[in-house]
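Colleague: Before we begin, could you show me the model, so that we can go through it together step by step?

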Amino acid sequence: MSRNAKINTLLLAIVAALAVLPLALGLGDHKEEPFTGADGEAETAITEIAPDYEPWFAPLYEPPSGEVESALFALQAALGAGVLAYYFGLRRGRRQGEARAAARDGRTATRDGRAADAGAADSAGTADPAGAGA
Amino acid sequence: MHIAEGFLPPVHAAAWAAASAPFVIHGVRALTREVRANPESTLLLGASGAFTFVLSALKIPSVTGSCSHPTGTGLGAILFRPPIMAVLGTITLLFQALLLAHGGLTTLGANVFSLAIVGPWAGFGVYALLRRSGAPLMVAVFLGAFTADLSTYCVTSVQLALAFPDPGSGVVGALAKFGGIFAVTQFPLAISEGLLTVLVMRLLVQSSKGELTRLGVLLQGGAKKEAAVR
């Protein structure tokens with residue numbers, strides 16, 4: 001593995017550790033429902049501070065179940081990941097294509113050069129007898 | 001950091017929408033100008049928006065025993081400046097409000113203000129300051145993304161504290177409460193976001209040197225040096 005790839009893997013490993021450690025260490029054990037969303041906790045806090053507060057507007061559309069909601073979240077992540085992967089894939093393909101084109105150009109250039117030399121020699125060769133004929 | 005639909009009193013909701021609107025309108029103009037001037041940057045713009053899309057969909061467990069998600073706005077702010085990120089962030093928030101009932105239309109103004117305006121500006125500010133003082137690119141990127149993430153959640157805490165001051169201890173007491181929920185939870189996630197942004201920036205330095213130089217992220221002729229430093 002190159003040094004670059006090692007650093008990238010290390011970065012991902014730290015991110016994974018930061019996400020998994022709270023679970024592994026049981027940091028949610030003091031809660032009735034561990035690892036719920038912070039947004040939901042904020043809603044609970046609001047109802048504690050202002051018990052009389054009534055939300056005055058409801059979402060136009062609400063996913064009918066937790067499953068559908070997680071499906072939509074997965075869709076969001078997949079869309080984003082797809083576009084990112086497309087971007088980096090396209091870039092990589094372009095770079096490889098350019099490198100290949102450059103290599104090919106380099107080769108045809110030398111071949112052309114040789115062909116041109118040969119052609120010059122040829123025409124010189126044929127010109128001579130022609131000149132001799134004249 | 002999404003304030004749920006209907007969970008801000010109408011006056012607050014209207015005030016935050018009014019505060020956010022000019023930034024988003026300015027952002028739309030900046031975005032159209034960028035796309036017209038450099039059509040080839042559309043692809044990287046899409047990738048920056050996609051990064052926000054992925055990160056704001058990932059709910060990650062945190063030290064407080066609850067889950068929250070990164071914002072992904074630091075990257076786009078660093079690449080394309082905060083006004084353009086205001087648009088990309090708003091699109092993400094609209095998607096979540098309309099399809100996921102996550103956040104909401106009445107709270108969109110407040111959520112846009114924290115995620116798509118303050119976060120990108122704070123992150124970009126830290127990044128630009130560090131770069132100007134000669135910090136290495138990846139250090140500036142990490143702290144910029146970290147700041148964009150954490151400041152977003154701090155703003156959300158302030159927004160809720162202003163709307164729901166504690167009956168006993170007032171706005172300050174409420175801020176401590178909401179800050180405990182949002183900012184503390186967010187701290188390790190902000191570190192994660194910083195690291196992920198560094199990862200993507202490293203891949204960009206490998207794949208898109210020309211683009212990064214044009215955007216001013218890599219210095220003219222300094223690309224090689226930057227690549228070596230990272």
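## Spans of chain B and the contact with chain A

Modeller: In this predicted model, residues 181–205 of chain B are 100% helix and 0% strand, and the end C-alpha atoms of that span lie 36 Å apart. An unreviewed UniProt entry lists this span as a "transmembrane region", and among the others it lists for chain B is 41–58.

Colleague: How far apart are the end C-alpha atoms of residues 41–58 of chain B?

Modeller: This span is 78% helix and 0% strand. Taken from one end C-alpha atom to the other, the distance is 26 Å.

Colleague: Which helix of chain A gives the most residues to the side that touches chain B?

Modeller: Across the contact, 55 residues of chain A meet 66 residues of chain B, and there are 18 residue pairs in polar contact, counted where both residues have pLDDT 80 or more. On the side of chain A that touches chain B, the elements giving two or more residues are helix 1 (3–24), helix 2 (38–49) and helix 3 (66–133). The one that gives the most, with 16 residues, is helix 3 of chain A.

Colleague: Which residue of chain B forms a salt bridge with Glu48(A)?

Modeller: The interface of chain A and chain B holds 2 salt bridges. A salt bridge requires a side-chain nitrogen of Lys or Arg within 4 Å of a carboxyl oxygen of Asp or Glu. For Glu48(A) the closest N and O atoms are 2.9 Å apart, so the rule is met, and the partner is Lys177(B).

Notes. Residues are numbered from 1 along each chain as its sequence is written. Chains are lettered from A and ligands numbered from 1 in the order in which they are written. This is a predicted model: local features need pLDDT of at least 70, side-chain atom pairs count only at pLDDT 80 or more; totals for chains, interfaces and linings use all residues. Side-chain values use heavy atoms; hydrogens and water are left out. Contact means heavy atoms within 4.5 Å. A polar contact is a pair of N or O atoms within 3.5 Å; within protein, one must be able to donate a hydrogen and the other to accept it, and residues adjacent in sequence count only if both atoms are side-chain atoms. Helices (H or I, at least four residues) and strands (E, at least two) are DSSP runs, numbered from the N terminus. UniProt positions are given in the numbering used here, feature names are shortened, and annotations may be inferred rather than shown by experiment.
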